[in-house]
Amino acid sequence: MSPDLRQLRYFVAVAEESSYTRAAERLLVSQQSLSQQIALLERMLGAKLFDRDTRGTSLTAIGTLFLPEARAVLDRADEAVNVVARAVRGEVGSLRLAFLATTTNHLLPPIVRTVRRRLPGIRLTTEWTTIADLVEGVLKGRYDVAFTRPPLVAGLETRTLISEPVCAVLPEDHPLAGRSELTLGELAGERWVLTPRSSWQPWHDAFDRSFRTAGFAPDVVQRDANVQGLLGLVAAGVGITRLARSARDLRRTGVVFVPLAGEFVPTEMVWSSGNTSPALHGLLDVVTELAASTDLTESG
């Protein structure tokens with residue numbers, strides 16, 4: 001049988017006060033109850049912990065050895081309770097973050113930097129990945145939270161962080177490269193380079209609707225699953241494409257980003273509705289506050 005925490009607290013109080021009377025007052029218990037618990041503790045340990053005489057109460061040699069050990073146990077118990085309390089408040093734990101590849105460059109640095117500063121007890125792991133892997137990972141619990149662009153699928157909770165212009169991406173020597181704004185309809189006769197339809201069908205369904213609204217079907221001459229590959233194809237003069245404005249950070253030469261009139265795309269924070277981690281909800285609040293105070297499209 002091992003001592004319980006109450007007995008250890010009683011023992012430490014008597015040792016520190018050198019008095020059963022003062023220890024009882026400090027602990028808000030009767031002196032009789034205190035004496036009974038100390039006697040039980042001594043029987044449990046098989047050793048006398050205190051000497052009592054007319055001059056007061058003092059530790060025996062065994063009691064002196066036991067005191068730092070008892071304090072260490074109590075400190076560790078208090079620490080454990082504090083860890084649980086912090087976990088309940090979402091201040092400690094571990095979270096797995098996924099970033100859509102095209103958002104990593106401008107979103108990962110400010111988000112990770114801010115969460116580490118505001119929630120130092122949360123350990124973060126990060127990955128950048130494709131939209132299909134990202135959605136599957138959140139739904140299956142491989143990722144706790146992800147940063148991506150809609151449209152997505154059912155079963156996910158989302159919170160919009162930023163909205164930014166969609167741009168036509170043109171070779172720098174394109175006749176329209178000097179324009180401050182274009183309409184999608186003005187690009188009807190162009191050759192296009194786009195991502196494969198298999199990369200994420202909901203995106204392509206949305207693309208199809210916008211092209212139909214503009215009155216044409218794009219002449220797609222090549223497809224590439226990688227945005228940097230698309231930018232390279234545009235720079236090489238193979239065709240044009242359309243991307244969020246923040247993608248311009250991925251290539252500074254050979255291409256020009258021209259906003260498409262009235263077209264914007266949000267970036268969303270995504271998590272599973274079944275994820276009840278307090279750490280997750282702490283992160284959601286911190287990132288939401290960050291997005292409200294910082295232009296995340298210009299961060300990095």
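Two strands are said to pair if DSSP finds at least two bridges between them, and helices (H or I, at least four residues) and strands (E, at least two) are themselves DSSP runs, numbered from the N terminus. In this sense β3 and β5 pair in the parallel sense over 3 bridges, and Leu97 stands opposite Val145 in β5. The structure is a predicted model, in which local features need pLDDT of at least 70 and side-chain atom pairs count only at pLDDT 80 or more, while totals for chains, interfaces and linings use all residues. Residues are numbered from 1 along each chain as its sequence is written, and side-chain values use heavy atoms, with hydrogens and water left out.

Strand β5 is a useful place to begin. Besides its pairing with β3, β5 is joined by 3 bridges to β10, and these two strands run antiparallel; within β10, Met269 is the bridge partner of Phe147. Both faces of β5 are covered, for Val145 and Phe147 on one side and Ala146 and Thr148 on the other are all buried, where buried means under 20% relative accessible area, exposed means over 50%, and partly exposed lies in between (1.4 Å probe, protein chains only). Thr148, which lies in strand β5, counts as buried because its relative accessibility is 0%. If residues up to four places away in sequence are not counted, Thr148 touches Leu100, Ile131, Leu134, Pro266, Thr267, Glu268 and Val270, contact being defined as heavy atoms within 4.5 Å.

From this strand we can move to the nonpolar core, a term for a set of buried Ala, Val, Leu, Ile, Met, Phe, Trp, Tyr and Cys residues joined through side-chain atoms within 4.5 Å. The largest nonpolar core has 25 residues, and of these Leu97, Ile111, Phe147, Met269 and Leu283 touch the most other members. Two or more residues each are given to this core by β3 (92-100), α5 (101-118), β4 (121-129), β5 (145-148), β6 (156-171), β10 (255-272) and α9 (278-293), and α9 gives the most, with 8 residues. Ile111, once its neighbours within four places in sequence are left aside, is in contact with Leu97, Phe99, Phe147, Val287 and Leu290. A second, separate core of 19 residues includes Leu8, Ala15, Leu41 and Phe66.

Helix α9 deserves a closer look. The expected span of a helix is 1.5 Å times one less than its number of residues, so the 16 residues of α9 should span 22 Å, and the 23 Å between its end C-alpha atoms agrees with this. An α-helix has 3.6 residues a turn, so residues three or four places apart point the same way. The buried residues of α9 are Ala279, Leu280, Gly282, Leu283, Leu284, Val286, Val287, Leu290 and Ala291, and what covers them includes β3, α5, β4, β5, β6 and β10. At the start of α9, a side-chain oxygen of Ser277 reaches to within 3.2 Å of the backbone nitrogen of Ala279.

Another part of the chain combines strands with a helix. Strand β7 (residues 191-194) and strand β8 (residues 219-223) pair in the parallel sense over 4 bridges, and Val193 has Gln222 as its bridge partner in β8. Together with helix α7 (residues 201-214), β7 and β8 make a right-handed β-α-β unit; right-handed here says that, with the strands pointing away from the viewer, the path from the first strand over the helix to the second runs clockwise. His204 has its place in helix α7 and is buried, with a relative accessible area of 2%. Not counting residues up to four places away in sequence, His204 touches Thr195, Pro196, Arg197, Ser199 and Arg223.

The loops remain. Between β5 and β6 lies Gly155, which is partly exposed, with a relative accessible area of 45%. Gly155 and Ala168 are 13 residues apart in sequence and 32 Å apart in space, C-alpha to C-alpha. Pro151 also has its place in the loop between β5 and β6, and the peptide bond to Pro151 from Pro150 is cis, with omega near 0 degrees. In the loop between α1 (5-17) and α2 (20-27) is Ser18, whose phi is positive, about 55 degrees, although Ser18 is not a glycine. Leu28, in the loop between α2 and α3 (31-45), likewise has a positive phi, near 60 degrees, in a residue other than glycine, and at 76% relative accessibility Leu28 counts as exposed.

Definitions and conventions. Polar contact = N/O pair within 3.5 Å; in protein donor to acceptor, adjacent residues only side chain to side chain.
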